[in-house]
Amino acid sequence: MASPTVKSILILGGARSGKSRYAQKLAEASGKMPVLIATAAAGDDEMAERIEKHRAERSAHWRVVEEQIDLAGALVREAAADRVLVVDCLTLWLSNLMCAAKEADAAVSGLVAVLARLDGPVIFVTNEVGLGIVPNSKLGRAFRDAQGRLNQSLAAACEIVLFVTAGLPLQLKPSALALRL
Amino acid sequence: MASPTVKSILILGGARSGKSRYAQKLAEASGKMPVLIATAAAGDDEMAERIEKHRAERSAHWRVVEEQIDLAGALVREAAADRVLVVDCLTLWLSNLMCAAKEADAAVSGLVAVLARLDGPVIFVTNEVGLGIVPNSKLGRAFRDAQGRLNQSLAAACEIVLFVTAGLPLQLKPSALALRL
Amino acid sequence: MASPTVKSILILGGARSGKSRYAQKLAEASGKMPVLIATAAAGDDEMAERIEKHRAERSAHWRVVEEQIDLAGALVREAAADRVLVVDCLTLWLSNLMCAAKEADAAVSGLVAVLARLDGPVIFVTNEVGLGIVPNSKLGRAFRDAQGRLNQSLAAACEIVLFVTAGLPLQLKPSALALRL
């Protein structure tokens, strides 16, 4: 489906949907050197445990780079024709931005802007968080909205978009749908 | 995929999934006069801000009709062969019904009943809200269940059903799936 | 799509997505004797009401077996070439396991292990719960993670996997997607 020249893939999914593992397998099957751009900060025991679980699922030959805020800069530094970058994940990056009181929409625009000039392919992992009932807190609603805008912007910019459920992908883009009224 | 005679489309999606914008683009591409049936009430600053954001995304030549309760009546009044109606959204309508202590399931049946006799096409926008963990409150669970029943009823009645994620559509109906045990 | 030899189907969906009804219709259309393996416990009025609603949607000739913990045992006992089993649902089973302080991941492995040696087909119904914002409580997050792992394990083991929204199925497995970088 995708030619060898695919430059950007967005993988959407819920919590524990298998989206990270799916991205890892794609990267490992590419024959290129896989580079993980990890956005998580091991701030508490629960998050440290999640990070460790993800690490145990990866094969040993990954290069791992941690970047919590300047994702566009990390992509430009790390991208190369013989590498494939995996950004895991945009949801934690968004959370980092909001905690640091950064302008999230501007940061997303900056991220999208560097995509076209990367020297190798990149796979983004992100959460879909808008399919439950309305969150009780204003912060929860603001985060949900910012995540939705981020996902729409990245989906518009990436060549291929997948939605992963229970480890299985649905292709959202390119779309076979051609609907007219 | 859809012929020019499509009469009813249901667009499901999460919060900030791009479902409203997708519906608007469909309507604007139809060549007919777009009519927005808006079910939102600008009850607080947050909602007023959301309404304003949606307004800014629409082109200027929309006719806008506000209807918070009697949606079936508004459809019958507004439908015409040279118009396309966009109902945005059924989730706020359901919320309005429940706040006004109306019988939601009966209102949904009434809405479905008028579909067949409308003089022009209609696009419904609705939220999927059942894909998070069980809500803490009884009201939250009741709303989630009512929304799920509404979505099933409308999906059964509409000719075309789409699920929009990150601005991208998946076609749920007509379905290519023919499964037998 | 599925041949008459299909042995295992997993149906994922949200709350009130129509997933139970879809499973029931599949079973009733098979020509085999339908057997419901019900995992719900009528612990309170709200749950008793949900159970009664589901019962009212089924035709009268179902055999119903209640099993809250030992699902693998129930499948082995009930499976037969002229029967089709419907397990509704794995989410309540997981909840039962966690309430009884059982090791959920081990129970899931035990369930997957018996699949290959059942004498007839089985349809599992399960919830996707990871598509809202992060739950406030540690228990909520633990349940969401356990449900996600369960869904991935069953999806890997079953021949056919569907995602039902508003009563309409999307096919996740077998997948038409063949993506390579």
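How much area do chain B and chain C bury between them, and what percentage of it lies on carbon and sulfur atoms? In this predicted model, chain B and chain C bury about 2,800 Å² between them, with 65% of that area on carbon and sulfur atoms.

## The interface of chain B and chain C

The contact between these two chains draws 28 residues from chain B and 40 residues from chain C. On the side of chain B, the residues B:Leu131, B:Leu179 and B:Leu181 supply 31% of the area that chain B buries against chain C, which is more than any other three residues supply. The rule for salt bridges finds 0 of them across the interface of chain B and chain C, whereas 5 residue pairs are found in polar contact there, both residues of each pair being at pLDDT 80 or more.

Helix H6 (138-157), strand E6 (160-165) and strand E7 (168-173) of chain B are the elements that give two or more residues to the side of chain B that touches chain C. Of the elements, H6(B) gives the largest share of that side, with 9 residues. By residue class, the side of chain B that touches chain C divides into 13 nonpolar, 7 polar and 8 charged residues.

## The interface of chain C and chain A

Chain C and chain A bury about 2,800 Å² between them, and carbon and sulfur atoms give 65% of this area. Here the contact takes 28 residues from chain C and 40 residues from chain A. The residues C:Leu131, C:Leu179 and C:Leu181 supply 31% of the area that chain C buries against chain A, again more than any other three residues.

Across the interface of chain C and chain A, the rule finds 0 salt bridges, while 5 residue pairs are in polar contact, with both residues at pLDDT 80 or more. Two or more residues of the side of chain C that touches chain A come from each of helix H6 (138-157), strand E6 (160-165) and strand E7 (168-173) of chain C, and the largest share of that side, 9 residues, is given by H6(C). The side of chain C that touches chain A is made up of 13 nonpolar, 7 polar and 8 charged residues.

## Relation between the copies

A turn of 120° with a shift of 0.0 Å along the axis lays chain B on chain C with an RMSD of 0.0 Å. The two copies are therefore related as by a three-fold rotation axis. Among the residues of chain B, B:Gly132 comes closest to the rotation axis, its C-alpha lying at 2.5 Å.

Chain C can in turn be laid on chain A by a turn of 120° and a shift of 0.0 Å along the axis, with an RMSD of 0.0 Å. In chain C, the C-alpha nearest the axis belongs to C:Gly132, at 2.6 Å from it.

## Fold and dimensions of chain A

The secondary structure of chain A consists of 6 helices and 7 strands, and, read along the sequence, these elements follow the pattern β-α-β-α-β-α-β-α-α-β-α-β-β.

The C-alpha trace of chain A spans about 50 × 45 × 30 Å along its principal axes. For 181 residues, a compact globule would have a radius of gyration near 16 Å, and the value of 16 Å for chain A therefore agrees with that expectation.

## Local backbone features

Two cis peptide bonds and one residue with positive phi may be described here, each with its place in the chain. In chain A, a cis peptide bond joins A:Asp88 and A:Cys89, with omega at about -5°; A:Cys89 lies in the loop between strand E4 (83-88) and helix H4 (90-99) of chain A. In chain C, the peptide bond from C:Lys173 to C:Pro174 is cis, with omega near 0°, and C:Pro174 is placed in the segment after E7 of chain C.

The residue A:Arg16, which is not a glycine, has a positive phi near 50°. The place of A:Arg16 is the loop between strand E1 (8-13) and helix H1 (19-28) of chain A.

Notes: Residues are numbered from 1 along each chain as its sequence is written. Chains are lettered from A and ligands numbered from 1 in the order in which they are written. This is a predicted model: local features need pLDDT of at least 70, side-chain atom pairs count only at pLDDT 80 or more; totals for chains, interfaces and linings use all residues. Side-chain values use heavy atoms; hydrogens and water are left out. Copies are superposed by least squares on the C-alpha atoms of residues with pLDDT of at least 70 in both. Contact means heavy atoms within 4.5 Å. Buried area is the accessible area (1.4 Å probe) that two parts lose on being put together, summed over both. A salt bridge is a side-chain nitrogen of Lys or Arg within 4 Å of a carboxyl oxygen of Asp or Glu. A polar contact is a pair of N or O atoms within 3.5 Å; within protein, one must be able to donate a hydrogen and the other to accept it, and residues adjacent in sequence count only if both atoms are side-chain atoms. Helices (H or I, at least four residues) and strands (E, at least two) are DSSP runs, numbered from the N terminus. Ala, Val, Leu, Ile, Met, Phe, Trp, Tyr, Cys and Pro count as nonpolar, Asp, Glu, Lys and Arg as charged, and the others, Gly among them, as polar. The radius of gyration is taken over C-alpha atoms; the globule rule is 2.2 Å times the number of residues to the power 0.38.
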